[in-house]
Every structure is written in C-alpha cells, then in structure tokens.
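I opened my notebook to look at how two chains meet and how some strands line up. Here is what I looked up, entry by entry.

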Amino acid sequence: MLVLLLAASQLANAQEALLQRLDDALTYQSSGGLFRSDLSGLVDVEGYFIDHRPPGLLFGNADLFNPRLSLFLDTHLGSQFYSLVQFRADRGFDPRAMPDGDARFDEYLLRWTPWEDGRLNVQVGKFATVFGKWVQRHDSWQNPFITAPLAYENVTTITDQAAPGTRAAFLGRRNVADTKATWLPVVWGPAYTSGASVFGQLDKFDYAFEFKNASISSRPNAWDAKDLGWENPTVSARLAHTPNAAWNYGVSASHGAYLLPAADATVPGGYSRSSYRQTTIGTDLSWSHHGWQVWGEAMVARFQVPNVGNADTFTYFVEAKYKFTPSLFAAVRWNQQLFDTVPDGAGGAQHWDRNIFRVDTALSYRFTRHLQGKLQYSLSHENGPVQQGEQLWAAQLTVKF
Amino acid sequence: MQLTRITTAVALLLGTLVAAAQGTASVEGTVTLPKPPSQVKINPRYAAQAGALLPPEPPTAVVFLEGAPLPADDKPATNVVQVAQKGMQFGPGLIAVRKGTRVEFPNGDDFYHNVFSYSKAKRFDLGRFLKDEKPAAVTFDQPGVVKLYCEIHEHMRGSVVVLDTPYFVKSDTNGVYRLTGLPAGQFKLKAWIDDKISFEQPVELKPGAASRVNFPGSP
C-alpha cells in the first residue's frame with residue numbers, strides 16, 4: 001500500500017492539471033445559464049485486511065479488494081429545479097456483496113425549491129435518508145474513515161426475511177457469525193430508499209420529513225420502488241438547530257415496517273408484515289472550529305419481532321477529526337452497541353445479540369484537490385465466543401473529478 | 001459614460017505629465033477579457049442551502065512588467081491585503097501582491113468558511129473560521145499563482161498572483177490598465193487572467209514617455 005501511495009503522489013503531481021481540465025470539461029451550461037449540468041465522480045480503490053471474518057457490511061470470508069466508480073450528474077433547471085443521478089459500478093453496494101461486479105443507479109431524485117432562501121424543498125425519487133447526520137458526509141471524499149460508524153453497519157440478528165419460529169431460535173442466532181444476506185443493521189448505510197421528502201431551512205432551524213418505501217434498516221435490494229412498493233411505508237424526520245456556525249444538534253425519528261414480502265408466509269396468523277415495525281429515535285451533535293471537527297450520534301431502535309416481542313438496542317458513536325497540515329488529517333471514532341434483553345421462553349430473559357465496542361482510527365492525506373489516500377485501523381470486540389474482524393486494516397485511494 | 005471617458009482621459013493625461021516630470025516611463029492599454037462567468041449553482045445533495053449566493057465577479061487581469069530592475073529604494077512588502085468571503089464568493093476574486101505580502105481572509109457570512117490552497121507557490125489550509133473572529137491570514141513568500149478554494153463551498157474560486165516585482169497593476173472590469181513609475185528599457189509585459197488565459201509582449205519603455213500595449217497584441 002505504501003508503494004501505491006508513493007506512486008499516487010507522483011501520479012498526483014503529473015495528473016493534477018489533467019484532472020482539473022477534466023473537471024472543467026464535464027460541465028455543460030446553456031448560453032443564458034438556465035440549464036446547467038455537472039458530471040463528477042469518485043474512483044475508489046480499497047483493500048481490507050482482517051484477522052477474522054469481515055465485520056459489519058463487508059461481505060465474504062477473507063481479505064478483500066474493492067474497486068468502485070461513482071458518477072454523479074447534478075443538473076439545475078433555472079433556480080427552482082434540481083436533479084441528481086448517482087451511478088455506481090463496483091462489487092456490490094457493500095464491498096463484495098456482488099463479488100463478480102455490479103452496476104446500479106443508487107440515487108435519482110428531482111427537487112423543487114420554490115424560494116431561493118431554501119425554506120422549502122420538495123423532493124421525489126430514490127435518495128439518502130434524512131435520519132441522522134452521518135449520511136450528509138458519507139461519500140469517500142468526505143468520510144474521514146473507510147467504513148461507516150457502527151450504527152450504520154453493524155449487522156444484528158434481526159432479519160427481514162422470515163419470522164423466527166421461537167424465542168430460542170431467535171436467541172440462538174447470537175452464537176453464529178452474522179448472516180449478512182438476511183440480517184439487518186439499525187441503519188443500512190445511507191439508506192437510499194424511494195419516496196418523497198420535504199425539507200428546508202428556517203432561520204437557524206433545519207427540518208426534514210420523508211415518506212419512503214422501506215425502513216432505514218432495509219437492505220439495498222429493497223430500496224428501489226420496482227422491488228418494494230409503498231404498501232408498508234416508513235416515515236422519518238429530522239429537526240436540527242444551528243445556534244452558531246460552530247454547533248449543530250438535531251433529533252431524528254423513523255417508524256415503519258421492516259419485514260420484506262418473503263416474511264409474509266412466516267408471520268403468525270392474524271398478523272401481517274405491517275404489524276412488525278422498526279421504531280428508531282436518534283440525536284446528533286456536531287461542532288467544528290479551525291482544524292477540529294467533532295460529531296456524535298446516539299440512537300435507540302426497537303424492532304417488533306414476530307413470536308418474540310420487542311427487541312431494543314442502543315448504539316452511539318463519537319468521532320473527531322483534526323487537520324495537522326493542509327494535507328494530513330487524523331480521525332478517531334469510538335462506537336458501541338448494546339442490546340436489551342428479550343424473554344427466553346423459559347422464564348428468564350437474555351440479551352438478544354452480542355454487545356460490541358469498536359474504536360476506529362484513520363490517517364488521511366490529500367495529495368491534491370483530486371487525490372486522497374486513507375489508512376484505517378479498527379479494533380472491535382463482541383461479547384461472546386464469535387468475533388468478526390476484531391482487528392481490521394483498510395486502505396483506500398480516491399480520485400475525485 | 002461620457003463623464004467616465006472624460007475622467008479617464010484627464011487621469012491618463014495627468015499620469016503622463018507626472019511621468020514626464022519624473023523621467024519615468026508608463027504603459028497603458030486594454031486586455032481583452034473573457035465573458036463574465038454565469039451565476040454558479042450550488043449542488044446541495046443532502047441538505048438545504050444555507051445563505052444567499054452572490055454572483056461571481058466579472059473577470060479582470062493582472063498586468064506586470066517582467067525583467068525590470070528593482071528601484072534603488074525598494075523595500076520588502078510589509079502591507080496587509082484583505083480578501084473577504086461573502087455571499088459564498090471570494091471578494092476580490094483576483095488580487096496581485098508583492099512577494100512577502102500578508103493577506104487576511106475575513107469571513108463575511110454567518111456560517112463557516114475555509115481557505116486552502118495546494119498551489120506550488122503556497123500550500124496552506126486555514127481551517128474553519130467564524131465571522132466575528134480575527135481573520136485568518138497567510139504571508140505569500142514565493143512568487144507564483146496561488147489558487148484559493150473553500151472546502152465547505154466547492155464552487156468558490158479565487159487567485160492570488162504573487163509577484164517578485166513592484167511593477168504590476170490590476171485592470172478594471174473593462175480590461176483597461178495603466179502602469180506608471182516604470183524604469184526605461186526593454187522588458188516583457190505580461191497579462192494574467194486565469195490558468196488558461198495569459199498574454200505577454202515585449203515592450204520598450206522610454207523615459208518620460210507613455211507606451212501603449214493591448215492584449216492580445218496584433219499578430
């Protein structure tokens with residue numbers, strides 16, 4: 001990786017002018033300025049080196065190499081209409097989820113902004129959730145880490161595919177490694193689900209409300225409207241206050257059914273998918289000044305599990321980033337997720353998943369405005385005999401144009 | 001418009017008379033400038049836009065004399081220049097300074113700004129700073145063009161042309177410039193507009209005389 005970074009440094013100096021010209025050339029504007037379209041992109045090359053099975057939303061059973069091309073088409077029509085299309089070619093939305101390669105439109109949205117001060121925006125399409133604050137900085141150029149916070153990627157024993165037969169069967173999942181093809185985190189990354197949202201800024205307050213086709217924990221193949229309609233929608237909202245430029249704090253909430261049609265046949269008689277919901281309440285706080293940026297989020301989620309009852313979990317993270325030089329910055333993040341108990345069917349109660357903590361550290365270097373390298377080390381520990389990615393090294397090189 | 005023309009003509013005449021009296025040379029002319037840029041649109045993908053956006057400044061040019069000897073009484077630059085960030089634009093968007101000049105970047109908006117550059121002539125990052133705090137500043141100690149950016153507002157662009165000569169001037173928005181107090185001799189006169197557009201022409205300056213050089217020159 002060091003060799004790759006040194007090569008990148010040489011490449012950066014040689015190619016900076018070319019990338020700048022490419023950046024400029026990928027913009028089209030009509031003569032009067034009524035129509036403007038910008039094509040931009042990120043090319044990520046990542047490597048993950050793990051001592052156990054990969055943790056979180058890293059798929060497969062060993063170290064992995066993960067290239068990714070993301071293209072963004074931002075288009076403005078006049079001052080009131082804006083659209084975004086995000087196309088990605090990679091090894092699956094989550095690294096190695098599709099080992100042989102995949103290409104998708106991850107986001108497509110149309111936004112109407114009737115007033116220039118941004119007090120009201122109405123948006124329809126497939127786009128990132130309004131829940132929480134991390135989503136606003138989730139792309140590889142802005143995220144100081146390579147992986148997402150625990151709250152957005154730690155896979156729990158909740159499944160959207162089938163109702164557990166018994167409480168014991170549900171609790172038994174704690175003793176095996178994550179089954180990522182069928183289990184869910186509290187929030188699945190940026191949760192690019194489909195629907196509509198209303199959001200805006202009123203003086204020092206930001207508000208956002210969305211009506212989507214799938215829960216914030218839903219997996220990527222449930223996000224598209226052609227895969228899942230709005231029969232069992234999820235509503236989410238966020239309200240935030242910015243008392244001054246340095247501080248921002250907000251509260252978020254989300255409520256909706258999380259089971260997929262595959263679970264229909266397994267839910268108890270007299271109930272349906274819509275009887276089992278995910279309710280999540282979160283709070284976030286951020287502060288920045290000079291070279292420092294600090295973020296924190298905490299959320300409580302309740303999954304109503306067929307044949308089990310309410311499965312509650314609390315997760316949070318605190319993250320800090322500091323710029324040492326114009327190019328070099330470091331970040332550290334403490335993550336934890338705690339699981340409540342559910343009745344075990346034998347008169348007692350047991351934690352329904354393994355408590356986990358994880359500390360993430362990362363060093364990033366921006367060679368130019370178009371090239372960035374990151375190195376991450378994470379140490380995590382789960383209660384119980386099954387460990388997944390207790391030590392993780394990851395490296396990422398990003399070209400932005 | 002008529003009044004502007006008369007004022008300009010009187011100023012040029014006075015400048016010529018002063019130059020003649022001092023035995024120094026002057027040069028004046030017009031730089032053909034590109035069309036003003038269109039209003040930038042911000043792409044706030046995941047949040048509402050904060051604050052009103054001012055239109056970008058119309059283009060101007062920095063005209064400077066290269067190869068001329070420094071004046072006998074030349075002193076290092078000690079002045080302080082300000083480039084504000086207001087309405088999510090650098091203002092002025094283009095400045096020319098002598099090597100050693102300190103430039104302050106006051107934030108005129110109610111939200112954070114940042115200034116950074118990865119240019120060879122100066123690599124710096126001032127972090128995030130507020131409207132009410134002491135403006136962050138940078139001393140430009142190497143000649144060259146320093147491109148300015150804000151990491152929070154990607155559309156923001158600015159340029160500092162750092163020069164090793166006291167003989168420079170910034171044109172007005174019509175491209176009109178006038179450089180006075182120049183030594184006599186044969187030099188290069190250059191006009192810098194942006195990374196893609198710059199001109200240069202040889203010029204012969206005579207004591208007490210005003211030369212005229214337009215950019216681009218005749219083929």
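**Entry 1: the buried area.** I started with the area buried between chain A and chain B, which is about 3000 Å². Carbon and sulfur atoms give 45% of that area. I kept in mind that this is a predicted model. On the side of chain A, I noted A:His290, A:Pro326 and A:Arg369, which supply 20% of the area that chain A buries against chain B, more than any other three residues.

**Entry 2: who takes part.** How many residues does each chain bring to the contact? I found 43 residues from chain A and 31 residues from chain B.

**Entry 3: charges and polar pairs.** Next I looked up the salt bridges between chain A and chain B, and the count is five. I picked out the one that B:Glu151 forms with A:Lys323, where the closest N and O atoms are 2.8 Å apart. For polar contacts across the interface of chain A and chain B, I noted 18 residue pairs, counting those with both residues at pLDDT 80 or more.

**Entry 4: the side of chain A.** Several elements of chain A give two or more residues to the side that touches chain B, among them helix H1 (2-25) and strand E17 (356-368). Which element gives the largest share? My answer is E17(A), with four residues. I also sorted the residues of this side of chain A: 12 are nonpolar, 20 polar and 11 charged.

**Entry 5: a sheet of four strands.** Then I turned to chain B, where an open sheet has the strand order E13-E2-E15-E16, with antiparallel pairing. Why do E13 (168-170) and E16 (198-205) of chain B each have one side without a neighbour in the sheet? They stand at the edges, each with a single partner strand, so one side of each is left free of a neighbour there. From one strand to the next, the twist averages 20 degrees. Inside the sheet, I followed strand E2 (residues 62-66) of chain B, which is joined to strand E15 (residues 185-192) of chain B by five bridges. There, B:Val63 stands opposite B:Ala191 in E15(B).

**Entry 6: a sheet of three strands.** My last stop was another open sheet in chain B, with the order E14-E1-E17 and mixed pairing. Strands E14 (176-182) and E17 (210-212) of chain B stand at its edges with a single partner strand each, so each has one side without a neighbour in the sheet. Ignoring direction, neighbouring strands here are turned by 15 degrees against each other on average. Strand E1 (residues 25-30) of chain B runs antiparallel to E14(B), and five bridges join them. I looked up the bridge partner of B:Thr30 in E14(B), and B:Val176 is the one.

Note on methods: Residues numbered from 1 in each chain as written. Chains lettered and ligands numbered in written order. Predicted model: local features only at pLDDT ≥ 70, side-chain atom pairs only at ≥ 80, totals over all residues. Heavy atoms only, no water. Pairing = 2+ DSSP bridges. Axes fitted to C-alpha atoms, helices over the stretch in contact; angles between N-to-C directions. Contact = heavy atoms within 4.5 Å. Buried area = accessible area lost by both parts, 1.4 Å probe. Salt bridge = Lys/Arg side-chain N within 4 Å of Asp/Glu carboxyl O. Polar contact = N/O pair within 3.5 Å; in protein donor to acceptor, adjacent residues only side chain to side chain. Nonpolar A, V, L, I, M, F, W, Y, C, P; charged D, E, K, R; others polar.
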